[in-house]
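Let's take a walk through a protein model together, one step at a time. Keep the picture in view and turn it as you read.

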Amino acid sequence: MLQLQNSLVDLLRTKPFSQITYKEITEGVDIDRSTVYRYYNHKNQVLQAAVDVRLTAFASRLDLTFGRMETIDGYTGRLVDAWTELWLESGGLLAAVSGLGAEPGPQRDWWRARLEPWIEALREAIEVARFVEELPKDGRPARPLAELVMGTCLSTFNNELTVEHTPEHRRMVRDLLLDAVLRTLGRRPGTVA
């Protein structure tokens, strides 16, 4: 099944997911077609499996916990940097699955379930940062803020990191995104954590 996933990754380098056919994905693999159809009936299933593999590996390398010795600035910077790294490795897959996640239905439910650990970790970090007075206790619920931050990050990655840019441009995008995230959370420019 990894062959099918890699075939999809290769195809995503040359064209968008919407233009890739299931037949194209299966043509480049050395597996009997009946075996292929036993595991995947549609190209969306191949996409979801490929994303699951990458997200699982990624999650095993990153601690989502807001550390006691960490500032909210450092924590959000660490998450933005980690997601940027993942997007640079697997941007085509993530952009494709983000598109599927925009429409109501099982794909959106599947995508939201994959994002839930990130949203929950960020929600907890917001609440802790408010408790230790790194963020203002402004009455805004933490969960919608975490969802908004996640959406802002994914939209930015999809728009900026799936196209070629210089390293300087990528750093600028990272800094602007981190600033937008911190402002969304209630941090003001020039405040010290």
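Begin with helices H5 and H6, whose axes come within 13 Å and cross at roughly 175°. In this predicted model, H5 and H6 are therefore roughly antiparallel to each other, since angles over 145 degrees count that way. On the H5 side, the residues making the contact include Ile72, Tyr75, Leu79, Trp83 and Leu94. On the H6 side, Trp110, Trp111, Leu115, Trp118 and Ala121 are among them. Sorted by class, the contact of H5 with H6 has 15 nonpolar, 3 polar and 1 charged residues.

Now step back and look at the whole chain. How many helices and how many strands does the chain have? There are 8 helices and 0 strands, so, read from the N terminus on, the order of elements is α-α-α-α-α-α-α-α. Along its principal axes, the C-alpha trace spans about 60 × 35 × 30 Å. The chain has 193 residues, and buried ones make up 41% of them. About 10600 Å² of the chain is exposed, with carbon and sulfur atoms supplying 54% of that area. You can also ask how far along the sequence contacts reach: among contacts between residues at least 6 apart in sequence, 65% join residues at least 24 apart.

Next, look inside. In soluble globular proteins, nonpolar side chains tend to be buried together. Here the largest nonpolar core has 58 residues, and Leu8, Leu47, Val51, Trp83 and Trp111 touch the most other members. Helices H1, H2, H4, H5, H6, H7 and H8 each supply at least two residues of this core. Which helix gives the largest share of this core? That is H5, with 13 residues.

Follow one of those core residues, Leu8, to see what surrounds it. Not counting residues up to four places away in sequence, Leu8 touches Phe17, Ile20, Ile25, Val46, Leu47 and Leu93. Leu8 is one of the buried residues of H1, along with Leu4, Gln5, Ser7, Val9, Leu11 and Leu12. The buried residues of H1 pack against H2, H3, H4 and H5.

Ser7, which also lies in helix H1, deserves a short stop. Is Ser7 buried or exposed? Its relative accessibility is 10%, so Ser7 counts as buried, the cut-off being under 20%. Leaving aside neighbours within four places in sequence, Ser7 is in contact with Glu24, Ile25 and Val29.

Finish in the loop between H6 and H7, where you will find both Glu133 and Leu135. Glu133 is exposed, with a relative accessible area of 65%, whereas Leu135 is buried, with a relative accessible area of 3%. Glu133 also has a positive phi of about 65°, although it is not a glycine.

What does Leu135 touch, not counting residues up to four places away in sequence? The list is Ile72, Ile126, Ala129, Arg130, Leu185 and Arg187. Of these, Ile72 also takes part in the contact of H5 with H6. Arg187 shows how the fold brings distant parts of the sequence together: Leu135 and Arg187 are 52 residues apart in sequence and 6.2 Å apart in space, C-alpha to C-alpha.

Methods: Residues numbered from 1 in each chain as written. Predicted model: local features only at pLDDT ≥ 70, side-chain atom pairs only at ≥ 80, totals over all residues. Heavy atoms only, no water. Core = buried A, V, L, I, M, F, W, Y, C linked by side-chain atoms within 4.5 Å. Buried < 20%, exposed > 50% of the residue type's maximum accessible area, 1.4 Å probe, protein only. Helix = DSSP H or I, 4+ residues; strand = E, 2+ residues; numbered from the N terminus. Contact = heavy atoms within 4.5 Å. Axes fitted to C-alpha atoms, helices over the stretch in contact; angles between N-to-C directions. Parallel < 35°, antiparallel > 145°, perpendicular 65-115°, else oblique. Nonpolar A, V, L, I, M, F, W, Y, C, P; charged D, E, K, R; others polar. Areas by Shrake-Rupley, 256 points an atom, 1.4 Å probe, with all protein chains shown as cover.
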